[in-house]
Each structure stands twice: as structure tokens, then as C-alpha cells.
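Q: Hey, I've just opened this one and don't know my way around yet. Can you walk me through it?
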Amino acid sequence: MSDSPSPTHDPPLVSLDAVREAADRLAPHIARTPLLTNRSISQMAGRPVYMKGEHLQRTGSFKARGALNALLAGGAREQAGVVTVSAGNHAQAVAWAAAQVGLSATVVMPRSAPAVKVAASRSYGAHVRLVETVQEAFREALRLAELENRFLLHPFDDPHVIAGQGTVGLELHHEMPEEVVELYVPVGGGGLIAGVAAALSALRPALRIFGVEPRGAAAMTAGVKAGTPITLERLSTVADGLAAPMAGRIPLKHVQSQVKGIQLVEDASIFQAMSLLLTRSKAVVEPAGAAGVAALLDLSHNESSAPAATILCGGNVDPSLLARLPF
């Protein structure tokens with residue numbers, strides 16, 4: 001795990017077969033989340049909008065899929081435990097997944113991580129180590145892996161993690177109406193969009209997949225422009241779940257080959273989407289989970305009225321944040 005890319009490493013894409021294998025592993029353990037609709041949100045977007053409810057997943061986000069698949073498929077049980085780095089949702093997912101397979105877990109989190117996510121990670125049984133920045137967290141996780149002989153699980157640049165997240169795409173393939181032409185996927189380090197694209201680019205080649213990033217934490221956009229992962233020195237967004245300092249090398253490769261583009265959204269649009277989801281759909285989602293809806297509302301002036309979908313990727317919202325919503 002590194003916060004600087006290796007220029008000589010050219011990883012393979014994750015295959016549809018790998019995603020299907022992950023689905024078989026995960027079936028006894030995870031929830032099959034619903035595909036939601038809301039008339040008011042569809043009217044505001046100017047098109048039918050379908051929303052995959054991953055905020056209702058185990059641990060409150062899609063991250064449970066990738067974390068558990070990696071621990072079931074990898075060599076974690078041959079080591080003393082697992083260590084990872086996360087701003088919150090992956091930390092909770094790894095803590096939960098480690099408990100499922102009987103491993104101890106250490107998660108390194110930045111001090112800026114929401115207190116609710118730190119507390120939840122501890123409640124699932126993880127030892128939480130707090131450091132000053134996300135960049136420092138990556139370095140500390142690597143140090144602990146070597147010092148304590150722990151399995152180092154990258155939050156998004158790992159093929160088993162990506163395959164696990166790709167099971168969201170398999171479910172969407174079976175759930176989305178055929179007339180859905182676009183899918184908007186929130187992007188942090190890129191594990192979710194890589195896995196979903198791995199599945200749906202094969203199963204629904206006509207579907208146009210777009211990423212959604214906060215303008216203040218657009219690591220994937222920077223990586224696409226540079227052709228290689230770029231580490232951002234400054235991150236500024238309310239969407240902590242999308243504030244990865246860099247895109248993963250494997251996710252970047254998927255985005256380059258299987259994703260049509262990336263839509264940038266402002267924090268104000270994310271707050272508006274959170275408010276609408278809460279008041280109109282009764283869905284409590286965190287900022288990262290509302291990013292796709294924010295993008296669709298931003299695009300409402302476009303001429304397209306074709307149905308679109310997005311993923312409500314997380315529901316672990318800091319309660320104090322709800323007071324800032326524009327009701």
C-alpha cells in the first residue's frame with residue numbers, strides 16, 4: 001500500500017468471472033439491497049431516476065462487499081491479522097469482515113474522520129489508530145503491516161476488493177430496467193466504479209457509466225488527465241467517503257477503458273441532494289452516498305430524459321451534519 005504510484009506496474013483489469021466468483025462467496029453474508037425510486041427526485045432530475053440502496057448494506061455501505069471478499073479469497077488468515085487505512089466506511093467494513101473470519105483488525109484513520117465512523121469501527125472489534133492526515137495513514141498502515149505481520153488490505157487498489165464491489169453491478173444488471181441508459185457512480189479511490197464497470201461493461205455494453213467526484217477531492221479526474229495516479233496534497237469536501245488522496249492504479253485503468261467520463265459536483269449540490277433524499281425518499285445517506293443524485297440534479301437542464309441510475313453508496317452520516325442541510 002503506497003500513496004505514490006509505481007510507474008512500472010501495469011495491473012490487469014478485474015474480470016466479470018472474478019466478480020461472479022465474489023458474488024458466490026458473499027451471498028451467505030451480505031444483503032441484496034433494493035433499487036429505489038422517488039417521483040419527486042425523478043421530476044427534479046427531468047428523467048426517471050433509480051437508486052441502488054447500498055446505504056442499507058451491512059455496516060452501512062457497499063464497502064462490506066469488497067472487504068469480506070478480500071479476506072475470504074486472499075491470504076489474510078495465514079497472518080497475525082489485518083490492517084487497513086480508511087476515512088471511515090472501509091474501516092467499519094474491515095472490522096466487521098475480520099470478525100466474520102476470526103481475525104483481529106487494526107484500522108488507521110485520519111483524525112478528521114467522523115466520530116460516528118470511528119466509534120462504529122471500534123464497536124465491530126477493530127483497534128483504531130488515529131493519525132493526522134490520510135496520506136500519513138497510508139504510511140502508518142504499511143509500517144504496522146511489516147511490524148506486526150498483518151495482512152495489508154488496500155481500501156480500493158486491490159483486485160479482490162474491486163471484485164467484491166463489482167457485485168453491486170451484478171445486482172444492478174438484474175434490477176435496472178433495460179431502458180436505463182446512464183449510471184452515475186460516486187468515486188473516491190475508485191474501487192466501486194472499477195468493480196461496477198468490470199461487471200456492467202460486459203453485461204450491458206450499451207450502458208454509459210460516469211463517475212462522480214467532489215470538486216475539492218477530484219483524485220480520479222487528476223489521474224485520468226495525467227494518465228497515472230496523482231496524489232493530492234489538499235482535500236476539501238464534505239464527502240469524507242470520497243476524499244481519497246489518490247485514485248488506485250487498477251481503478252484508474254478501469255475508468256480509462258470502461259467509463260465515459262467524470263462529473264464534478266460542489267458540496268452545495270451534495271447537501272441539496274442529501275436534503276432531498278431525507279425529506280422526499282426518507283433515505284438517510286452520507287455526503288458520499290448523495291453524490292450521484294447531486295450529479296443528476298446538476299444535469300437536469302440537459303435535454304436527455306432517458307432513465308438513469310445511481311448508487312446511494314453509504315449511510316454512515318455524522319448526525320451533526322444533518323443540522324447543516326438546507327431544508
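Q: For a start, how many cavities of 30 Å³ or more does the structure hold?
A: It holds 1. A cavity here is a set of points, on a 1 Å grid over the protein atoms alone, where a 1.4 Å probe fits but cannot get out. Keep in mind that this is a predicted model: local features need pLDDT of at least 70, side-chain atom pairs count only at pLDDT 80 or more, and totals for chains, interfaces and linings use all residues. Residues are numbered from 1 along each chain as its sequence is written, and side-chain values use heavy atoms, with hydrogens and water left out.

Q: How much space lies in the largest cavity?
A: About 350 Å³. Volume means the space filled by probe spheres set on the points, which are joined across faces, edges and corners.

Q: And which residues are closest to its centre?
A: K63, F156, G189, G241 and A244, out of 27 that line the largest cavity. Lining residues have an atom within 4 Å of a point. The elements giving two or more residues to that lining are α4 (89-101), α6 and α8 (191-203).

Q: What classes of residue line the largest cavity?
A: There are 16 nonpolar, 9 polar and 2 charged residues. Ala, Val, Leu, Ile, Met, Phe, Trp, Tyr, Cys and Pro count as nonpolar, Asp, Glu, Lys and Arg as charged, and the others, Gly among them, as polar.

Q: OK, pockets now. What volume does the largest pocket have?
A: About 380 Å³. A pocket is an open set of points with protein on both sides within 12 Å along at least five of seven lines. Of its 26 lining residues, S112, A113, P114, T237 and D240 are the closest to the centre.

Q: Which helices supply at least two residues of that lining?
A: α6 (134-148) and α13 (319-322) each do. Helices (H or I, at least four residues) and strands (E, at least two) are DSSP runs, numbered from the N terminus. By class, the pocket lining splits into 11 nonpolar, 7 polar and 8 charged.

Q: Switching to the sheet: in what order do the strands come?
A: β5-β4-β3-β6, 4 strands in an open sheet with parallel pairing. Two strands pair if DSSP finds at least two bridges between them. β5 (127-131) and β6 (151-152) are the edge strands.

Q: How many bridges link β3 and β6?
A: They pair over 2 bridges, β3 being residues 82-85. V83 stands opposite L152 in β6.

Q: Last one: is E233 buried or exposed?
A: Exposed, because its relative accessibility is 69%, and exposed means over 50% (buried is under 20%, partly exposed in between; 1.4 Å probe, protein chains only). E233 sits in the loop between α9 (219-226) and α10 (249-258).
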